[in-house]
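User: Please take one part of this model and go through it closely. I want the contacts, the burial and the setting.

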Amino acid sequence: MTDRKPLLSKNEQDYDEIHGISMGSRAVNPSVLQHNVVILPIDENNNSNNNNNSNNNNNNNNNNNNNNNNNNNNNNNNTYQGSTTTTTTSIADKNKKRKKDKIPSLYIAEKEQPITFDDFGITEDTNPLEVKHQIQNHMFGFKPFKSKLTKRRVEERSPEVQSLYSDEQKDINSNSISNTIGNVVYCIIFGLPLSILYVICSIVLCLTYFGLPYGKLFWRLKGFVFWPFGKYLQLSTTNSLFGQDEERVPISSGRRRAQSIAQRKLTLYNYIGAFVYYLFIAPFVIISETIVLTLAWMLVVSIPTAKNHTKLLTHLITNPLKLRVEDYPRADCQILLYPVEAFNRFYYKYTVNGMNVVLVNLLPFVIISLVFGFFLEHKINPIVIFICCLLSTIPLSYYNGMAIASLSAQTSFAIGALINASFGSIIELILYVVSISGAQEEVARSALTGALLGSMLLIPGLSMVIGGLKHKEQRFNPTLMGVNTILLMIAVVAAFAPTLFYKIYGSFGFSCTSCVQQPTNVTVDGVTMIANGTNTLMDCGKCTIVSSDLDEDPIYTHKARTLMYICSGILPLTYFIGLLFTLKTHTHILHAPEKKRPESTTDASSTTHETKEKSIEYEWSKVQCIIVLLACTTMFALVSEKLVDTIDPVVSALGLTHEFLGVTILGIIPSAAEYLNAVQFAIHNNMPLALEIGASAAVQITLFQMPVLVFICAVYNHLSSAGSFTLIFPLMDFFAIFFGVMVMNLVFSNGRTNYFIGSTLVIIYLVIVFCFYFTPVA
């Protein structure tokens with residue numbers, strides 16, 4: 001019997017091995033008809049003969065490869081007829097193995113894995129309010145916020161942070177290098193001036209004779225305020241005269257009787273001494289101690305010094321004569337202070353009513369800026385008022401964000417989205433509206449451009465740099481960023497479509513300077529032209545192409561302005577479509593499915609859940625959140641008024657342009673809360689939320705803030721472009737935003753970040769900012 005050639009070539013066999021295609025599947029699968037597989041007809045006689053030949057060949061000559069190939073083909077035909085089942089089983093096993101090793105196709109869509117609570121960093125111990133807060137951080141229309149919304153127990157924090165809130169005096173290693181240097185710095189800055197003041201007060205009180213007990217007290221305290229470390233400040237629990245030491249004076253019955261008589265005789269003496277102390281000495285002590293503890297508290301790391309002097313000042317006012325300073329604790333005294341350190345670097349984590357102490361320390365600048373702006377405007381330098389207004393903007397924006405996040409978590413998702421849409425942009429909108437009403441519409445437009453650039457480049461860049469320095473590489477899921485990136489592209493196209501339209505079809509003209517009329521004959525191209533009253537020549541030194549007044553240009557009044565209002569109406573509609581997508585139709589994307597639990601544990605779990613909800617203690621209640629929102633809105637409206645009034649003096653004093661001031665300072669400072677939250681998320685290796693902050697801020701600017709400003713100006717200025725905000729941006733702003741969006745989409749499509757990628761974003765931002773710095777003044 002002649003040998004048959006294989007049905008498939010070597011390349012086709014390799015293809016089958018890779019893709020797990022069997023001979024039978026080739027015969028029936030239309031997708032592989034291109035291989036021209038021919039199915040031979042089956043001959044029963046030949047099959048039986050071939051089967052006998054195969055048995056003989058297997059028994060007599062196993063080394064004949066050609067016969068083996070023919071026999072295998074014939075065996076396959078026999079299994080097709082049902083005569084052999086062993087070969088069928090072996091082929092099925094091989095097919096299963098090939099399917100397991102099958103290389104996936106690039107054109108086959110993989111099934112999406114549902115998002116779980118683990119993706120959000122949510123555990124079983126997380127309380128329901130924080131669970132809702134974490135989900136809202138990933139939802140469109142909600143600004144991500146880092147801080148906790150519920151009160152945390154001190155026991156849940158690190159030992160270093162626990163020591164910040166503990167009033168117990170712990171004898172830590174006071175001989176360490178950091179403590180020694182800090183204590184010496186305290187002695188130079190605070191201790192030496194206070195000790196000199198206490199010596200002066202002691203001498204003055206002793207000279208009055210009536211203030212002798214108080215003079216002795218200050219003489220003992222001078223050493224304590226100079227070097228309080230390792231000493232006990234104690235409060236006597238017994239009554240004493242003139243600060244006498246009861247532990248060293250034995251008390252007998254006669255002695256006790258003598259003291260009672262002396263006490264009655266010297267009552268007037270005590271009143272006169274107290275009068276002298278509280279009238280002449282206490283005011284200086286209060287002022288000096290207040291200055292010391294205020295400066296120490298504002299430095300943050302020296303808050304231990306502020307706490308010590310606060311307690312010392314309290315007892316110097318209430319019961320000064322009971323204070324004792326010793327190197328050891330006494331049985332008849334209560335220990336008030338045992339200072340061992342003047343500085344502690346962990347106090348940057350200290351919080352007051354749920355807010356970081358650094359932000360709390362910036363709140364006094366709100367009052368300072370209002371006092372300087374409304375009452376001392378002509379006596380204080382405008383630059384000082386401008387700086388105070390900027391510093392007051394930072395805590396107001398952060399408190400506003402904290403109130404929005406807390407109120408959103410305590411309400412439904414729809415109400416939370418409405419609160420974020422309205423109050424989430426209130427700080428920026430107030431600044432822009434006040435700027436436009438103050439004839440600073442150019443500053444408002446450049447501030448919007450700066451806010452967009454910061455959201456797309458600076459916030460992600462700083463997050464990647466700081467996060468990359470702590471973590472070598474950080475990753476995120478690019479699909480989770482899809483909603484905001486797509487909406488941002490739509491928003492940029494719609495927001496800058498009027499600009500592109502007007503730059504193409506708008507009316508432009510020449511603006512010439514240094515033009516001089518030529519009174520003599522002028523030769524041009526060999527032709528002599530005579531200048532007379534009707535035919536004159538103008539020699540202009542410089543001519544530039546400028547756009548005409550928008551209200552006088554028919555292209556703007558009849559076409560571009562209508563297009564601007566149409567785009568301004570479409571942008572908020574896109575925003576609400578995004579809310580509908582995440583809150584109503586596709587809620588499963590960001591809502592992890594609940595795990596099925598046995599019926600026996602359902603009652604127990606529900607009871608535990610109810611117990612957790614009852615035990616939750618909110619950092620801020622709903623009423624407190626509403627009060628904070630209203631207070632921040634009112635305060636910033638007043639502060640922004642004085643901030644806008646100082647723009648012109650600051651620009652002229654510093655030699656800057658209005659565009660550069662708006663792009664940099666006024667575009668970044670009102671969004672300080674976003675920058676702080678993004679950096680905190682990056683430090684804690686939560687890069688998805690760090691990037692989400694910038695994307696959501698950019699989307700809210702383009703989809704909500706810009707249209708609102710356009711319609712406010714349309715109502716306020718009766719459709720006039722003079723003194724209004726329009727969507728006709730300069731080309732520099734257009735190209736800056738366009739390249740910013742391109743770079744942002746490239747970074748978001750990568751899925752991984754490091755400090756190198758972040759540094760490139762920061763560099764691109766700085767290059768664009770320097771371009772605005774050198775932009776000539778129109």
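Analyst: What follows starts at one buried residue and works outward.

First, the ground rules. Residues are numbered from 1 along each chain as its sequence is written, and side-chain values use heavy atoms, with hydrogens and water left out. The model is predicted, so local features need pLDDT of at least 70 and side-chain atom pairs count only at pLDDT 80 or more, while totals for chains, interfaces and linings use all residues.

The residue is Thr702, found in helix 27. Helices here are DSSP runs of H or I with at least four residues, strands are runs of E with at least two, and both are numbered from the N terminus. Helix 27 covers residues 687–716.

Is Thr702 buried or exposed? Thr702 has a relative accessible area of 0%, so it is buried. Buried means under 20% relative accessible area, exposed over 50%, and partly exposed in between, with a 1.4 Å probe and protein chains only.

What does the side chain of Thr702 do with its polar atoms? One of them lies 3.0 Å from the backbone oxygen of Ala698. The backbone oxygen of Val699 is 3.2 Å from a polar side-chain atom of Thr702. A polar contact is a pair of N or O atoms within 3.5 Å; within protein, one must be able to donate a hydrogen and the other to accept it, and residues adjacent in sequence count only if both atoms are side-chain atoms. An α-helix has 3.6 residues a turn, so residues three or four places apart point the same way.

Now the neighbours. Setting aside residues within four places in sequence, Thr702 is in contact (heavy atoms within 4.5 Å) with Leu452, Leu488, Ala491, Leu571 and Pro707. Leu571 is 131 residues away along the chain, yet its C-alpha atom is 7.5 Å from that of Thr702.

Leu452 links this site to another residue. Leu452 also touches Ile737, whose other contacts beyond four places are Thr449, Leu453, Met456, Val492 and Phe496. Ile737 belongs to the largest nonpolar core, of 126 residues. Ile737 is one of the members that touch the most others, along with Met355, Leu453, Met456, Trp620, Met706 and Phe725. Apart from it lies another core of 34 residues, including Tyr198 and Phe229. A nonpolar core is a set of buried Ala, Val, Leu, Ile, Met, Phe, Trp, Tyr and Cys residues joined through side-chain atoms within 4.5 Å.

The loops on either side of helix 27 each hold a residue with positive phi. Before the helix, Asn685 lies in the loop from helix 26 (672–683). Its phi is about 60°, although Asn685 is not a glycine. Asn685 counts as partly exposed, at 42% relative accessibility. After the helix, His718 sits in the loop leading to helix 28 (731–748). His718 has a phi near 55°, again positive in a residue other than glycine. At 69% relative accessibility, His718 counts as exposed.

Finally, the whole chain. It has 29 helices and 11 strands. Of its 778 residues, 42% count as buried. Among contacts with a separation of 6 or more, 78% join residues 24 or more positions apart.
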